[in-house]
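Hi,

Here is the structure I said I would pass on. Have a look at it first, and then read on for my notes.

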Amino acid sequence: MKVHFIRSGERRYSMRIERADGPALVMDPAPGFDPDLPHDMVHFIVEAALGLKTGVFGQIAAGGDAGSFHVDTGGDLSVKERHRAARKQVARGAKLVKAQGREGELSELAAFLFDMDWRSGQRPDSAAQRAALGEAERVRQSLSAEERARIDAAQPRMFAALDELSGWWRDLQAGEALILEWPTLRRIDQPIG
């Protein structure tokens, strides 16, 4: 599966996902733009590094839509075929969202924790920063010992990938895309980490 993170403008990005066994999906605009690293890129790295099969990208790879992507309206399909593909996509996506269980939650929690930890060295000390770090510690304590160990073990690989991906993202100009392969964390033309 190829995931295109497209820098659409100054404070906007979109995503396009190409799958071998399903229609292409899009989200335009995608939420959580950040000049250093958009929220969905953090999810992409976290889910791959932790081997989560039912997080956002795992669901999409399994044929779902994660509840927020839509079938691409372009391409060679007729209007009737696109409508049919969209209905099937929504039904399959809803089924996968219901079945995601703890991994879906862990995806959100781990993305928050890694994002906070990674950015903490880049942000100045402030009341807001201390509050965010306090919330991260509360989230961390809500995890099981096994989940905390899994996150701790992945941290070096995660931070290296976040650093590298962030550099690539910052180098993009409006209209350019960063294309990554799921779940290998490989840039199509070169590996991450």
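Let me start with Val-3, which sits opposite Leu-180 of strand E5. This is a predicted model, by the way, so take everything below in that spirit. That pair belongs to the antiparallel pairing of E1 (residues 2-9) with E5, which runs over five bridges.

E5 has a partner on another strand too: two bridges join E5 to E6, again antiparallel, and Leu-180 has Arg-187 as its bridge partner in E6. So which E5 side chains are buried, and which are not? Leu-178 and Leu-180 point to one face and are buried, while Ala-177, Ile-179 and Glu-181 point to the other face and are not. That fits the textbook picture, since side chains in a regular strand alternate between the two faces of the sheet.

**The E5-E6 turn**

The hairpin between E5 and E6 has four residues between the strands, and there is a fair bit to look at in there. The peptide bond from Trp-182 to Pro-183 is cis, with omega near -5 degrees, and Pro-183 belongs to the loop between E5 (177-181) and E6 (186-187). Leu-185 is in that loop as well. Its phi is near 65 degrees, a positive value in a residue other than glycine. Is Leu-185 buried or exposed? Leu-185 counts as buried, because its relative accessible area is 2%, and the cut-off for buried is under 20%.

The turn also meets helix H1. Ala-48, which lies in H1, touches Trp-182, Pro-183 and Leu-185, along with Arg-157, if you leave out residues up to four places away in sequence. The C-alpha atoms of Ala-48 and Thr-184 are 7.0 Å apart, although the two residues are 136 apart in sequence. Ala-48 is itself buried, with a relative accessible area of 11%.

**H1 against H6**

Arg-157 takes us to the other side of Ala-48's contacts, as both residues take part in the packing of H1 with H6. H1 (residues 39-50) and H6 pack at about 140 degrees, their axes 9 Å apart, and the crossing is right-handed. From H1, the residues involved are Met-41, Val-42, Ile-45, Val-46, Ala-48, Ala-49 and Leu-50. They meet a set in H6 that includes Arg-150, Ile-151, Ala-154, Met-158, Ala-161, Leu-162, Leu-165 and Trp-169. Ile-151, Ala-154, Met-158, Ala-161, Leu-162, Leu-165 and Trp-169 are also among the buried residues of H6. For the spacing along a helix, remember that an α-helix has 3.6 residues a turn, so residues three or four places apart point the same way.

H6 (residues 145-171) has 27 residues and spans 38 Å from its first C-alpha to its last, close to the 39 Å expected. Where does H6 bend? The bend is at Gln-155, by about 50 degrees, and a proline, Pro-156, follows within four residues.

**The E2-E3-E4 part**

Back towards the start of the chain, E2 (residues 12-19) and E3 (residues 22-27) run antiparallel and are joined by four bridges, with a hairpin of two residues connecting them. E3 is also joined to E4 (residues 70-71) by two bridges, antiparallel once more. Val-26 is a handy residue to click on here: Val-26 is the bridge partner of Arg-16, and Val-26 also stands opposite His-70 in E4.

After E3 there is another cis peptide bond to check, between Asp-28 and Pro-29, with omega about 0 degrees. Pro-29 is in the loop between E3 and H1.

One arginine to look at as well: Arg-119, in helix H4 (residues 101-120), is buried at 5% relative accessibility. Arg-119 touches Asp-34, Asp-36 and Leu-37, not counting residues up to four places away in sequence.

**The chain as a whole**

The chain has six helices and seven strands, in the order β-β-β-α-α-β-α-α-α-α-β-β-β. Of its 193 residues, 42% count as buried. Among contacts between residues at least 6 apart in sequence, 65% join residues at least 24 apart.

Cheers

Conventions
Residues numbered from 1 in each chain as written. Predicted model: local features only at pLDDT ≥ 70, side-chain atom pairs only at ≥ 80, totals over all residues. Heavy atoms only, no water. Pairing = 2+ DSSP bridges. Expected span 1.5 Å × (residues − 1). Bend = angle between axes of the 7 residues up to and from the residue. Buried < 20%, exposed > 50% of the residue type's maximum accessible area, 1.4 Å probe, protein only. Axes fitted to C-alpha atoms, helices over the stretch in contact; angles between N-to-C directions. Left-handed = near helix turned anticlockwise from the far one by under 90°. Contact = heavy atoms within 4.5 Å.
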